[in-house]
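Biologist: I would like a close look at one part of this model, taken slowly enough for a first-year student to follow each step.

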Amino acid sequence: MTETLDALAAGRAVEETYKRYLKTLLAPRDPALSAAFDRAIDATTALTKGPLLELTPPYEPGASVADLVRERVLGSGMLTLGSGIEVDRPLYRHQEQAIRKAVAGRNLVVSTGTGSGKTESFLYPILNSLLAERDAGTLGPGVRAILLYPMNALANDQVARLRDLLADAPDITFGRYTGETKERDREALAAFTGAHARGPLPNELLSREQMRATPPHILLTNYAMLEYLLLRPKDVELFEGPHAGHWRFIALDEAHVYDGAQGAEVALLLRRLRGRVAPEVGLQCIATSASLDGSTRELQGEEATAFARNLFDAPFEYVDGEPQREDLVRAHRVVAPAEVTWELTPQELLALADAGRVDADRLQTERHIVELRRSLAEGPVGAAVLAGALWPGDARRSNLLDALVALGARRGVDGGPLSCRRDITCSSARRRVRTSASPMPDPMCCCRGTRSTRTRAARCSSSAPVSAAARCISPVPPARGRSDVLRPGRVGGGGALVGAHRRRR
């Protein structure tokens with residue numbers, strides 16, 4: 001069994017370590033003053049904020065790929081991708097909605113959380129279109145879709161995903177064209193074999209020479225490199241010539257970074273691209289982001305589609321109440337039961353936290369778990385406040401809250417984790433934060449912790465908890481002059497494309 005991080009204990013460890021550091025750094029020489037200083041440090045709660053607990057309910061399941069094939073939403077070619085796609089596994093409902101809209105030809109904004117499967121929302125429709133061309137015998141060389149990323153690391157991750165998806169589809173080619181892409185075939189092959197245990201797929205184009213000679217069906221790049229590709233005569237074959245005229249999709253990942261001056265530059269770049277490759281016909285535009293939230297939920301649809309309309313110069317609309325005219329896809333969360341049917345005593349809770357397996361369905365209606373969900377419905381709450389509300393006057397309340405959170409890491413009677421519907425995988429991502437509290441890993445995950453106010457926020461692909469916190473925000477020293485409100489700073493940074501030569505391409 002994979003070990004899990006006790007996030008509340010880790011948060012206390014951070015606080016204790018920081019206090020020990022202060023005692024060592026500022027130790028007065030006078031014994032009486034030193035003892036008084038140590039007591040003040042131990043007693044204060046002003047040095048740290050948190051930990052905070054936050055719930056993220058699981059995403060609502062939808063139809064599977066096999067179901068969509070049976071409905072003829074997707075073509076039967078999707079079933080030939082082998083192990084790359086689990087065709088019988090239910091998609092999330094928002095993935096299903098995005099696929100249906102994209103296959104119908106709608107321009108689309110997918111604004112769902114990190115780890116919610118946004119990639120599949122645009123990649124499956126693109127693959128479906130390519131497989132249809134293959135089956136019709138019209139799939140020759142030439143770019144059909146460009147996947148545009150703000151940085152090379154994201155493009156590299158997507159290439160790895162495409163290798164898994166297209167291992168059994170050698171007719172569909174793909175290539176990553178960035179500043180890291182080697183010019184000649186021999187150099188590119190040597191770089192690939194040096195970094196991977198196995199050789200490249202026959203349908204992965206590794207070098208710039210290959211991509212100019214036979215442009216890949218799926219081209220991955222970043223916006224700075226796209227600027228160069230549109231300017232350089234030697235890259236003209238990607239856009240013009242015998243393999244031109246097949247462009248159909250533009251997929252823009254992490255769309256929220258394209259604001260301000262950078263957003264204006266990228267908007268003009270996309271207009272130049274469309275004028276170059278499809279001046280007479282419209283390209284289908286898809287934008288994804290985890291944080292296009294809008295000023296309010298009621299205005300999110302109008303604001304997100306207006307943003308996409310300005311960015312792509314393409315039609316996006318959002319008419320509330322008319323699903324066929326809603327070009328924003330949002331996440332749908334499972335609504336947990338609000339009814340209380342039974343209650344655990346403190347002794348039973350402490351014992352249950354140590355049990356190897358638990359009855360997850362029955363715990364859904366336990367009083368403390370229902371009250372925890374209610375308390376966290378409006379956002380994160382401090383662990384101390386939450387423990388006091390759930391077990392007022394009980395000296396063991398901190399341990400009881402630890403036990404309640406620990407239940408989220410246990411396995412249910414069916415062998416699956418109590419708090420999510422699928423296995424959890426984690427990664428770390430750096431984020432600028434203006435706050436006095438920093439995101440710590442999910443209590444069900446083995447992720448790295450945080451450091452200072454510039455943090456590593458744990459990102460989990462877990463569906464999220466039923467009974468406990470999905471994420472803990474660990475105590476760290478308060479930022480000077482800041483409140484205890486968590487306010488992520490702008491991600492991505494500014495700058496115009498005219499300075500692209502100074503950027504990572």
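Biologist: What is the relative accessible area of Arg 106? Please start from that residue and work outwards to the parts of the chain around it.

Modeller: This is a predicted model, in which local features need pLDDT of at least 70 and side-chain atom pairs count only at pLDDT 80 or more, while totals for chains, interfaces and linings use all residues. Residues are numbered from 1 along each chain as its sequence is written, and side-chain values use heavy atoms, with hydrogens and water left out.

Arg 106 has a relative accessible area of 24%, so it counts as partly exposed, a class that lies between buried (under 20% relative accessible area) and exposed (over 50%), with a 1.4 Å probe and protein chains only as cover. The side chain of Arg 106 meets that of Glu 317 in a salt bridge, with an N to O distance of 2.9 Å; the term stands for a side-chain nitrogen of Lys or Arg within 4 Å of a carboxyl oxygen of Asp or Glu. Because Arg 106 sits in the loop between helix 4 (93-103) and strand 4 (108-111), while Glu 317 sits in the loop between helix 11 (297-312) and strand 11 (328-330), this pair ties together parts that are 211 residues apart in sequence. Helices (H or I, at least four residues) and strands (E, at least two) are DSSP runs, numbered from the N terminus.

A salt bridge also joins the side chains of Arg 106 and Asp 327, again at 2.9 Å from N to O. This pair links distant parts of the chain as well, since Asp 327 is in the loop between helix 11 and strand 11 and Arg 106 in the loop between helix 4 and strand 4, 221 residues apart. The two acidic partners fall into separate classes of cover: Glu 317 counts as partly exposed because its relative accessibility is 23%, whereas Asp 327, at 2%, counts as buried. Taken together, Arg 106, Glu 317, Glu 322, Arg 325 and Asp 327 are linked in a network of salt bridges, and the structure as a whole holds 28 salt bridges.

The strands beside these loops lead us to the sheet. Strand 4 and strand 11 belong to an open sheet of 8 strands, in the order 7-6-8-5-9-10-4-11, with parallel pairing. Strand 7 (204-205) and strand 11 are the edge strands, each pairing on one side only; two strands are said to pair if DSSP finds at least two bridges between them. Further along the sheet, strand 9 (249-252) and strand 10 (residues 284-289) run parallel and are joined by 4 bridges, and here Ile 250 stands opposite Cys 285 in strand 10.

Helix 11, which comes before the loop of Glu 317 and Asp 327, lies across strand 4, strand 9, strand 10 and strand 11, and runs at about 135° to strand 11. Axes are lines fitted to C-alpha atoms, for helices over the stretch in contact, and the angles run from 0 to 180 degrees between N-to-C directions; contact means heavy atoms within 4.5 Å.

The order of the sheet also takes us to strand 8 (218-222), which lies between strand 6 and strand 5 in that order. Strand 8 pairs with strand 5 (145-149) in the parallel sense over 5 bridges, and Tyr 149 stands opposite Asn 222 in strand 8. With strand 6 (residues 174-176), strand 8 pairs in the parallel sense over 3 bridges, and there Arg 176 stands opposite Leu 220 in strand 8.

In a regular strand the side chains alternate between the two faces of the sheet. In strand 8, Ile 218, Leu 220 and Asn 222 are on one side and Leu 219 and Thr 221 on the other, and all of them are buried, with both faces covered. Strand 8 is thus described as mostly covered, 5 of its 5 residues being buried. By contrast with that covered strand, Arg 106, where we began, is partly exposed.
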